[in-house]
Amino acid sequence: MTALTPSLAIVAARLPSPPSSAELLDADVSGDTPDWRGIAVPEHVLAGFGRRSDAAPLAARPIAGGQIHVLARRPGFGAVLLDAWDSTRQRWRGWLVTPDTSYADACGLVVEERDAPADPRAGLVLCDLPVTLAVTDLGACLGVFSQERLQAVRWLETHGRANRAASAPGLIARVALPGDDYALTGTPLSSELGKDGRVAYRQLLRQGLQQLQIAPADATASAAKVPMRAANSSRWLKIVTAVAASVMVVQSAWLFLPKENAVVGNAQFRNGSGSGVETGVRTRVLFRADATEAELRTWLQREQLEIVAGPDTLGAFTVLSRDRQKVLPPPGPGNPLAVINP
């Protein structure tokens, strides 16, 4: 247990209601308090401040799959890596994320340099602790995973327990994934009671999730099984294409085709003759497959958005806001969005 940091006492203190007494913590909190006044700030702590600063611009990102978001009600407890939006339950499925990389087991993925920028609060994805939670449970964005890294998390959730290596708490190892990829992970948990602090660590995390009323997800479910359909069925495309066409009819002619010097994102869109300038924000979105035409039309009018492109091969549309500071509301009750920036 000496290789596991931070101590279990510190982990327990993050819970909304920390245990009043627990034998597993007694030895962990013994000893004299060190005098920190003459101790220099370690290099890894300084590096952590740097990573947090680098990841700060991600904080206000609209919610989407692959992002890591801190838990809004208890930011100090942990975060969640989002996998997919369940439009039936109106909830996100994902995995619990903590800063405690040394507690990685065979089902834990360690966030590494290739995942930068990533806030140091996002250090370990616990692939064996899938959860479901509402949009209101999500706080600031701490990092963004690529699709390849999301696949690695899904693979560890399903196959991590098949790792037969010897238990070595605190040891981080490289594990081969299908193809030429790899993941940094830990060793399997020890079966000997009291010999592996990572067992108690997960017990504390489960207590915290229960106190926060965050429901565990089906551990056998994968992203492919989540009932979120991409908006590319023939019925859906016919409806949304009709809505898009009706919206475009009332737009100026420059909206129909890509313009000279047009840039996706916060940008200026200039017409070919140079006679005028339009400013705005373009965002690519997938709509829920069960959203109605009336719901979509009402939402577009309320948010003052225009459909300017789509559907593409994925079934995604591009919406335009004339307000350059516009941030789309996250998928959830009250709007037809399924995924932002798919």
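Begin the tour at Gln 304, which follows helix α7 and has a positive phi, near 55°. The model on screen is a predicted one, and each stop below should be viewed in that light.

**Helix α7**

From Gln 304, step back into α7 by selecting residues 293–303. The buried residues here are Leu 296, Trp 299, Leu 300 and Glu 303. Turn the view until it runs down the axis of α7: the buried residues fall within an arc of 100°, so they line one face of the helix. On the face turned away from that buried side, select Ala 294 and Gln 301, both of which are exposed.

**Helix α4 and its strands**

Next, select residues 147–159, which form α4. This helix of 13 residues spans 18 Å from its first C-alpha to its last, close to the 18 Å expected at 1.5 Å a residue. Display the side chains of Arg 149, Leu 150, Ala 152, Val 153, Arg 154, Leu 156 and Glu 157, the buried residues of α4. Against which strands do the buried residues of α4 pack? Adding β2 (79–86), β3 (91–98), β4 (108–110), β5 (124–133) and β8 (182–185) to the selection shows them.

**Glu 112**

Move to the loop between β4 and β5, where Glu 112 is found. Is Glu 112 buried or exposed? Its relative accessible area is 16%, and under the 20% cut-off Glu 112 is therefore buried. Select Tyr 182 as well: the side chains of Glu 112 and Tyr 182 are joined by a polar contact of 3.0 Å. Beyond neighbours within four places in sequence, Glu 112 is in contact with Arg 149, Tyr 182 and Leu 184. Arg 149 has already appeared among the buried residues of α4.

**Ser 190 and helix α5**

Continue to Ser 190, in the loop between β8 and α5 (197–211). Ser 190 counts as buried, at 18% relative accessibility. A polar atom of its side chain lies 3.1 Å from the backbone nitrogen of Glu 192. Setting aside residues up to four places away in sequence, Ser 190 touches Ser 167, Lys 195, Asp 196, Arg 198 and Val 199.

Now follow the chain into α5, whose 15 residues reach 21 Å from first C-alpha to last, close to the 21 Å expected at 1.5 Å a residue. Its buried residues include Arg 198, Tyr 201, Leu 204 and Leu 209. Just after the helix, Gln 213 takes a positive phi of about 60°.

**The nonpolar cores**

The largest nonpolar core has 30 residues, of which Leu 71, Phe 77, Trp 92, Leu 96 and Leu 133 touch the most other members. Elements giving two or more residues to this core are α1 (8–13), β2, β3, β5 and α5. Centre the view on Leu 133: leaving aside neighbours within four places in sequence, this residue is in contact with Leu 71, Val 80, Arg 91, Trp 92, Leu 138 and Ile 214. Another core, of 20 residues, lies apart from the largest one; among its members are Val 70, Val 125, Val 153 and Leu 177.

**Confidence**

Finally, colour the chain by pLDDT. The mean is 78, and 73% of residues reach 70 or more. Confidence is highest in β4, at 97, and lowest in strand β10 (residues 267–270), at a mean of 36. Over residues 247–277 pLDDT stays under 50, and the model has 51 contacts beyond four places in sequence for them. Residues 26–30 also stay under 50, with 4 such contacts. Where pLDDT is low, the predicted coordinates should not be read in detail.

Notes
Residues are numbered from 1 along each chain as its sequence is written. This is a predicted model: local features need pLDDT of at least 70, side-chain atom pairs count only at pLDDT 80 or more; totals for chains, interfaces and linings use all residues. Side-chain values use heavy atoms; hydrogens and water are left out. Buried means under 20% relative accessible area, exposed over 50%, partly exposed in between (1.4 Å probe, protein chains only). Helices (H or I, at least four residues) and strands (E, at least two) are DSSP runs, numbered from the N terminus. The arc is that of the directions from the helix axis to the C-beta atoms. The expected span of a helix is 1.5 Å times one less than its number of residues. Contact means heavy atoms within 4.5 Å. A polar contact is a pair of N or O atoms within 3.5 Å; within protein, one must be able to donate a hydrogen and the other to accept it, and residues adjacent in sequence count only if both atoms are side-chain atoms. pLDDT is the predictor's confidence in each residue, from 0 to 100. A nonpolar core is a set of buried Ala, Val, Leu, Ile, Met, Phe, Trp, Tyr and Cys residues joined through side-chain atoms within 4.5 Å.
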